[in-house]
Amino acid sequence: MPSLSTLSPEALSELRSSLRGEYEALKAQGLKLDMTRGKPASDQLDLAAEMLALPGNRDTTAEDGTDARNYGNLQGLPETRALFAPVLGAAPEQIVIANNSSLALMHDVLVYALLKGVPGGTGPWSKQEPITILCPVPGYDRHFALCEGFGIRMIPIPMTGKGPDMAAVEREAADPSVKGIWCVPQYSNPSGETYSEETVRRLASLKAAAPDFRILWDNAYAVHHLTEARPALVNILEACAEAGNPDRPIVFASTSKVTLAGAGLAMLAASPANVKWYLAQAGRRSIGPDKLNQLRHVRFLRDAAGIAAHMERHRALIAPKFAAVEAAFAARLDGWEVAQWSRPLGGYFITLDVADGTASRVVQLAGEAGIALTPAGATHPYGKDPHDRTLRIAPTFPDLDAVRKAAEAVALCTLLATVEARAAG
């Protein structure tokens, strides 16, 4: 198969007409497919259906005697913190278990930092403007939305396949206005890469000009494997402690894509000083979390082996969807030299890099054909991808047949958008 760059103008025109005919036939199908967000499908949620009957009418007492129906225990039940300690890589006493949204924890940590400051700092961040946070790209749009909503300046940092470009991080962190960095270290959203040991250790030992620099470690996909491979991720809490920066990382996670997305648990792990700081602020906001839900998770998942077995059932449902996307892209796009895509070992996304300047057009074409994609630019701060090339594909929510149809349609739109751009000169 020739690449587009080798086609004559006449051949390019013929190809464009042919692709346009296919595209019109695609539109005529009247598809309505959603590939916008990384949501679990109904059959994944069904895996946790047993939880709806737990903990049971008379099973309301925690190991320490706490009545889970009542107020209190802001840090979370001891058995719940112990259950998730291996996932978070922290001792139970360094863990906080909250309600269903880790995004809410990230929001609150930023608000508390802005209004009150953090341990080791010189006061509220909001009084030290401008405040800057480093944002690896492609990255998670909700991280960017938090910063933008609070007026926090964002600096994009390129991802390398092994995590963020650490030379760029080290250069930017020499500015005392740089207060932190967002990280999705395991199966990163959306590139799928896992941070290398070198990357983690350089983050831990980073010579940051701000004494209160924070690594916002959103380890959302720690147990979300798609293959038998299990890439090793260095424990950020241990690495920072060894480097003399124990207060630097704040680790976030949740069971949103493990049990029930709208009724899960969110978690925070950090140094003793950071946990004390967080609880002091959160205690003014809440009298305590939903401890019945914490008991429900302990009764259902039981232990680390139970979590692993449950996630294997998830893998059986979603791995074929990722394989279907990769197969559709390869069948249509291999050889044309118009796109590249990730082949993740875990997580919830595939990154599709199309020809520069065409991502917005791909989204437009797909939308007009009934396939909703995340907007081009969502993977970058302020929604602005300077190259207009990176798209985030989310295969988990539709059923397998719909995923296959959507991927084939996206591949067609990718090729058509590139041919249009080449034909236009």
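**Salt bridges and a polar contact around helix 11 and beyond**

Glu312 comes out as partly exposed, since its relative accessibility is 31%. This value, like the others here, comes from a predicted model. Glu312 sits in helix 11, which covers residues 304–333. Its side chain reaches the side chain of Arg230 in a polar contact of 2.9 Å. Glu368 is another matter: 56 residues separate Glu312 and Glu368 along the chain, and their C-alpha atoms are 36 Å apart.

Now for the charged pairs. Side chains of opposite charge can pair when their charged atoms come close. In this model, the salt bridges number 19. Helix 11 takes part through Arg315, whose side chain meets that of Glu228 in a salt bridge with an N to O distance of 2.5 Å. Glu228 belongs to the loop between strand 6 (214–218) and helix 8 (236–242), while Arg315 is in helix 11, so this pair links distant parts of the chain, 87 residues apart. Its two partners fall on opposite sides of the accessibility cut-offs. Glu228 has a relative accessible area of 62% and counts as exposed because that is over 50%. Arg315, at 14%, counts as buried because that is under 20%.

A second pair joins two loops. Asp356 and Arg389 meet through their side chains in a salt bridge, 3.5 Å from N to O. Asp356 is in the loop between strand 10 (350–354) and helix 12 (359–368), and Arg389 is in the loop between strand 11 (371–373) and strand 12 (390–393), so the bridge ties together parts that lie 33 residues apart in sequence. Both partners are partly exposed: Asp356 has a relative accessible area of 49%, and Arg389 has a relative accessibility of 31%.

Helix 12 brings in a further bridge, this time between two helices. Arg361 pairs with Glu420 in a salt bridge whose closest N and O atoms are 2.9 Å apart. Here too the pair links distant parts of the chain, with Arg361 in helix 12 and Glu420 in helix 13 (residues 400–423), 59 residues apart. Arg361 is partly exposed, with 24% relative accessible area, whereas Glu420 is buried at 13% relative accessibility. This pair does not stand by itself: Arg361 and Glu420 are linked with Arg20 and Glu24 in a network of salt bridges.

Conventions: Residues are numbered from 1 along each chain as its sequence is written. This is a predicted model: local features need pLDDT of at least 70, side-chain atom pairs count only at pLDDT 80 or more; totals for chains, interfaces and linings use all residues. Side-chain values use heavy atoms; hydrogens and water are left out. Helices (H or I, at least four residues) and strands (E, at least two) are DSSP runs, numbered from the N terminus. Buried means under 20% relative accessible area, exposed over 50%, partly exposed in between (1.4 Å probe, protein chains only). A polar contact is a pair of N or O atoms within 3.5 Å; within protein, one must be able to donate a hydrogen and the other to accept it, and residues adjacent in sequence count only if both atoms are side-chain atoms. A salt bridge is a side-chain nitrogen of Lys or Arg within 4 Å of a carboxyl oxygen of Asp or Glu.
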